[in-house]
There are 2 protein chains.
Amino acid sequence: MNERRIPEVVIRRLPKYLRRLQELEEEGVLRVSSLQLSHQMGLNASQIRQDLNLFGGFGQQGYGYLVTNLKESIADILGLEQGKKMIIIGAGNMGISLASYKGFIKKGFNIVKMFDVNPNIIGKSYRGIEVLAMEKLKDYCMENAIDVGIITTPKEHAQGVADILMEAKVKGIWNFSPADINAKDIIVEDVRLSDSLYVLNYKMNNNYID
Amino acid sequence: MNERRIPEVVIRRLPKYLRRLQELEEEGVLRVSSLQLSHQMGLNASQIRQDLNLFGGFGQQGYGYLVTNLKESIADILGLEQGKKMIIIGAGNMGISLASYKGFIKKGFNIVKMFDVNPNIIGKSYRGIEVLAMEKLKDYCMENAIDVGIITTPKEHAQGVADILMEAKVKGIWNFSPADINAKDIIVEDVRLSDSLYVLNYKMNNNYID
């Protein structure tokens, strides 16, 4: 672990800054102070300044941040619009729903194929994305330098799929299965939908209104 | 905002504690120290003790936590297994995929109906869950004391759906649309899949291996 690297909590705030700055830009706002951002985002102003300073600092004391500049800088830090190639493993409802989401393409994330074990859907296309047989997964990834494998298989198949992705030198796994994936030399980002539901439930039970 | 309430970051860690404790229980572990938990979860031990103390403290100095007790306490705090009633608005692939997820039912979250505007699917059932017409949404929620509305509609319909849910006194919205929902007197939990993908991308680009 690199000690100088950016803390994970800060990285997780970057997409939220990006979203807020996009909205400000759409509203025609040119300049924003950390104090204004803090009110709009429920963070405190010094935390915002600290976060952004980690990446070199974009603001000027008493002047604030230029909305479009800061938005573009954050998009650059996040590495958006670089044209990443993604595949989906598991062409069920979740897989097809992700394949349909236009927001990913806009940011440079292209879903190029789906993979499944079900002979009834192999060869079909959903949203223009073809489903290939699982046996082709490894070769396809290697020949096409796939960046991200999106796992939407049932829990019991997730590790096996992840192993193939690792062998094929895929760089990242976006894991929608509830499985914990043992991985080495690959980045795994888990989408834990249950966690989000439990937080909602806690807030409902405790009348936790913002 | 209530000043004595539990910080949001702590609430968001509770499902992670729960998952780890479940795993320990399955492994037959009876007792765990905050130090052991800290190694397994990438948090520091004093933070774990602080978090759990907010809910009354469950451990004993030099003795640690009883795994099953702590697991059950956290499940109680999160309000699991209370038998909450949920509906899905938008019976597309994402909606059907959520309707299929057995993990929710196990924890007491029951999806009882889906709603859609598409006449071709109204009246059909997916995974045993019937799709009703959108016009019935408000009355159905009021008559059946629905707890959570899961919004999986396209972005442009999300606010309209949320308005109906609020009128019908639904307590929580689990928002899978990319829309920002203006809400009052209702808890909204947003699932921002793009945020997760951007974090994955950042980590891939920066070789951010755990």
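Two strands are taken to pair if DSSP finds at least two bridges between them. With that in mind, this tour goes through a predicted model, beginning with the sheet of chain A and ending with the contacts that cross between the chains.

**First stop: the sheet of chain A**

Select chain A and colour its strands, and an open sheet of seven strands appears, in the order β5-β6-β4-β3-β7-β8-β9 and with mixed pairing. Because β5 (125–126) and β9 (187–190) of chain A each have a single partner strand, they stand at the edges, and one side of each is left without a neighbour in the sheet.

Now select residues 148–151 of chain A, which make up strand β7, together with residues 172–175 of chain A, which make up strand β8; these two strands run parallel and are joined by four bridges. If you show side chains here, you can find A:I150 standing opposite A:W174, a residue of β8(A). Adding residues 155–167 of chain A brings in helix α8, which packs on the sheet and touches β3 (84–89), β7 and β8 of chain A, while its direction makes about 170° with that of β7(A).

**Second stop: the sheet of chain B**

Turn next to chain B, where seven strands again form an open sheet, ordered β5-β6-β4-β3-β7-β8-β9 and mixed in its pairing. The edge strands of chain B are β5 (125–126) and β9 (187–190), each of which pairs on one side only.

Which strand should you select beside β3 (residues 84–89) of chain B to see a parallel pairing over four bridges? Strand β7 (residues 148–151) of chain B is the partner, and within this pair B:I89 has B:I151 in β7(B) as its bridge partner.

Two helices of chain B are worth adding to the view at this point. Helix α7 (residues 137–144) of chain B packs on the sheet, where it touches β3, β4 (109–116) and β6 (129–133) of chain B, and its direction makes about 175° with that of β3(B). Helix α8 (residues 155–167) of chain B also packs on the sheet, touching β3, β7 and β8 (172–175) of chain B, with a direction that makes about 170° with that of β7(B).

**Third stop: how the two chains are related**

Show both chains together and superpose them: a turn of 180°, with a shift of 0.0 Å along the axis, lays chain A on chain B with an RMSD of 0.0 Å. The two copies are therefore related as by a two-fold rotation axis. To find where chain A comes nearest to this axis, select A:N93, whose C-alpha is the nearest in chain A and lies 2.3 Å from it. The same surface serves both copies, in that 100% of the contact residues of chain A recur in chain B.

**Last stop: between the chains**

Select the residues in contact across the two chains, and you will have 61 residues of chain A and 62 residues of chain B. Between them the chains bury about 5,600 Å², and 62% of this lies on carbon and sulfur atoms.

There are 23 residue pairs in polar contact between chain A and chain B, both residues being at pLDDT 80 or more. The elements of chain A that give two or more residues to this side include α1 (8–26), α4 (67–78), α5 (93–99) and α9 (193–205), and the largest share, 13 residues, comes from α9(A).

The whole structure holds 28 salt bridges over all chains, and six are counted between chain A and chain B. To see one of these, select B:D195 and A:K16, whose side chains meet at 3.5 Å, N to O; the pair crosses from helix α9 (residues 193–205) of chain B to helix α1 of chain A.

Note on methods. Residues numbered from 1 in each chain as written. Chains lettered and ligands numbered in written order. Predicted model: local features only at pLDDT ≥ 70, side-chain atom pairs only at ≥ 80, totals over all residues. Heavy atoms only, no water. Least-squares fit on C-alpha atoms with pLDDT ≥ 70 in both. Contact = heavy atoms within 4.5 Å. Axes fitted to C-alpha atoms, helices over the stretch in contact; angles between N-to-C directions. Buried area = accessible area lost by both parts, 1.4 Å probe. Salt bridge = Lys/Arg side-chain N within 4 Å of Asp/Glu carboxyl O. Polar contact = N/O pair within 3.5 Å; in protein donor to acceptor, adjacent residues only side chain to side chain.
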